[in-house]
Amino acid sequence: MGERIDILGAGLSGLAAATILAQAGKEVHVHEIRKDSGSRFDGDFQGIENWTSNVDFFDEMREWGLNPDEFKSNGFDIIDLIHPDDVITNPKTIGDAFRVVERGTDEHCIDQGFKRMAIAAGANIHYEVKVDPKTCDIIAAGPKDSSAIAFGEIFHTDHANHVAFQLNDKLAPGAYSYLIIIDGIGLICTCLWRQQKKSGRYLNETIAWYDEHYELNRKPIKRVGGKGDFSLPKKYIHENKIYVGEAGGLQDFMWGFGMRYAITSGVLAAKSILDECDYEVEVRKKLVPLIKVSAINRFLMNRVGDRGFKMVARYWMRDQKKKGDGLRFMKWIYQPGIMRKALWPIVKKSMLRKKSLDDGRVVYRMPFRKPLKRDSWEPSQKAEQVGIQWKNVRKEGANLSFSASDAEN
Ligand SMILES: Cc1cc2nc3c(=O)[nH]c(=O)nc-3n(C[C@H](O)[C@H](O)[C@H](O)COP(=O)(O)OP(=O)(O)OC[C@H]3O[C@@H](n4cnc5c(N)ncnc54)[C@H](O)[C@@H]3O)c2cc1C
């Protein structure tokens, strides 16, 4: 590769790569189709996990030359774990189990922090441009297809900072819902790992649940969401182009915690261009084993409903009692043990579908699952009121930055 490096996409993976390359003196050009970094999101909170490695992710970032102080983050050592039968328990650890960051275009958002780092290092970012991917060295353009969607409401609240994680197959088919509150702003989100018509009703029902169980004094601001693309490509370098982040299918099949993979893969791509490592080898060593385990976990989760979710929640709490640390369970979940590894051929055959992409790559991707019979139910009165409240707020100009139909694109 020559001295000039072109990157498609100014999201987390693309900007991480741009920063490392520009710091090393390369001429870097990042081409972004949207107006700004973070425009794919609209102020939603996301968690950067600290359980797929024993190294704290912010320490790892600093070692790479990325500065986590460039954006706002709030670390959490405790969460509410909401079981499917509404029992609430508290997994906890010493230190940061994860950190909440905001995605979007405001100055304190992680996307803008990464943008500042890339510019300070000397990278050139070109916004609102459409370039031929064939002219780029690194493809960092995020998800293309939908394997799952997340749909949430952002609101004002006077509740203290808080995170709740709910396993509930009715409110979040096949997945989970969550509540995150940071400094007076809340987000209630439901994740759908099975495709549904009228997905708004899942969000309304989820919000109604949280309204009933927490004193939120919720005043809706906007609704947000997005899609996740889960796939395992045959190769991570194709026709001399390095695929990073979700463009390379580097996502967590189990829960969708893709940010750490995105940033790590961007850094590895840059190091590979700088001849410090071999991207294909490093990704297969560092990330693919975790992704495969997450796919096996997802396969198992797809087989259970609330009864299985309850078993997971119980096991988590028993494990915490035994080991004195709630994070140990999350770390164990991502360990490629012999039993789970043995399931891989079955998972690959029955959960993933071979697909040839337009750019010539062959991937094994997880299609959006079809709905189940139990996904059809009548909304509660409270959920209908939540829906009416949102309609009224929307009439007054509140923004809906994502709808289920976006997931088709
Ligand atoms: C609602 C939601 C909640 C999530 N929650 C979490 C969470 O809590 N924790 C977590 O770790 N992960 C979470 N994720 C996943 C996480 O957001 C992604 O895995 C991560 O952002 C992927 O980074 P990326 O660099 O691959 O893509 P992005 O950060 O999305 O960047 C891709 C960029 O490429 C641009 N682009 C797209 N097409 C083109 C093109 N043709 N030309 C030029 N530019 C293009 C896009 O506009 C975008 O700026 C969530 C995702 C969603 C949708």
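This report describes a predicted protein model, from its overall form to one helix, the ligand shell and a single residue.

**Overall form**

The protein contains 12 helices and 19 strands. Its radius of gyration is 21 Å, close to the 22 Å given by the globule rule for 409 residues, so the protein is as compact as a globular protein of that length. Along the principal axes, the C-alpha trace spans about 60 × 55 × 40 Å. Of the 409 residues, 49% are buried. When contacts between residues at least 6 apart in sequence are considered, 72% join residues at least 24 apart.

**Helix H6**

Helix H6 covers residues 279-286, and its buried residues are Tyr279, Glu282 and Val283. Seen down the helix axis, these buried residues fall within an arc of 95°, so they line one face of H6. The face turned away from the buried side carries the exposed residues Val281, Arg284 and Lys285. The buried residues of H6 pack against four elements, listed with their residue ranges below.

| Element packed against by the buried residues of H6 | Residues |
|---|---|
| Strand S16 | 237-238 |
| Strand S17 | 241-243 |
| Helix H5 | 259-273 |
| Helix H7 | 288-302 |

**The shell around the ligand**

Helix H5 also takes part in the surroundings of the ligand, as one of the elements that each supply at least two residues of the shell. The others are helix H1 (12-23), strand S2 (27-32), strand S3 (44-49) and strand S14 (219-228). In total, 35 residues surround the ligand, and the closest are Gly9, Gly11, Gly226, Gly245 and Gly258. By character, the residues of this shell divide into 12 nonpolar, 16 polar and seven charged.

**Arg369**

Arg369 lies in the loop between strand S19 (362-365) and helix H12 (381-395). Is this residue buried, exposed or partly exposed? Arg369 has 16 C-beta neighbours inside 10 Å. A residue is buried with 20 or more such neighbours and exposed with 12 or fewer, and Arg369 therefore counts as partly exposed.

Leaving aside residues up to four places away in sequence, Arg369 touches Gly174, Trp193, Arg194, Gln195 and Asn302. A further relation concerns Arg298: Arg369 and Arg298 are 71 residues apart in sequence, and their C-alpha atoms are 12 Å apart in space.

Terms used
Residues numbered from 1 in each chain as written. Predicted model: local features only at pLDDT ≥ 70, side-chain atom pairs only at ≥ 80, totals over all residues. Contact = placed C-beta atoms within 7 Å. Near = placed C-beta within 6 Å. Nonpolar A, V, L, I, M, F, W, Y, C, P; charged D, E, K, R; others polar. Arc of directions from axis to C-beta. Rg over C-alpha atoms; globule rule 2.2 N^0.38 Å.
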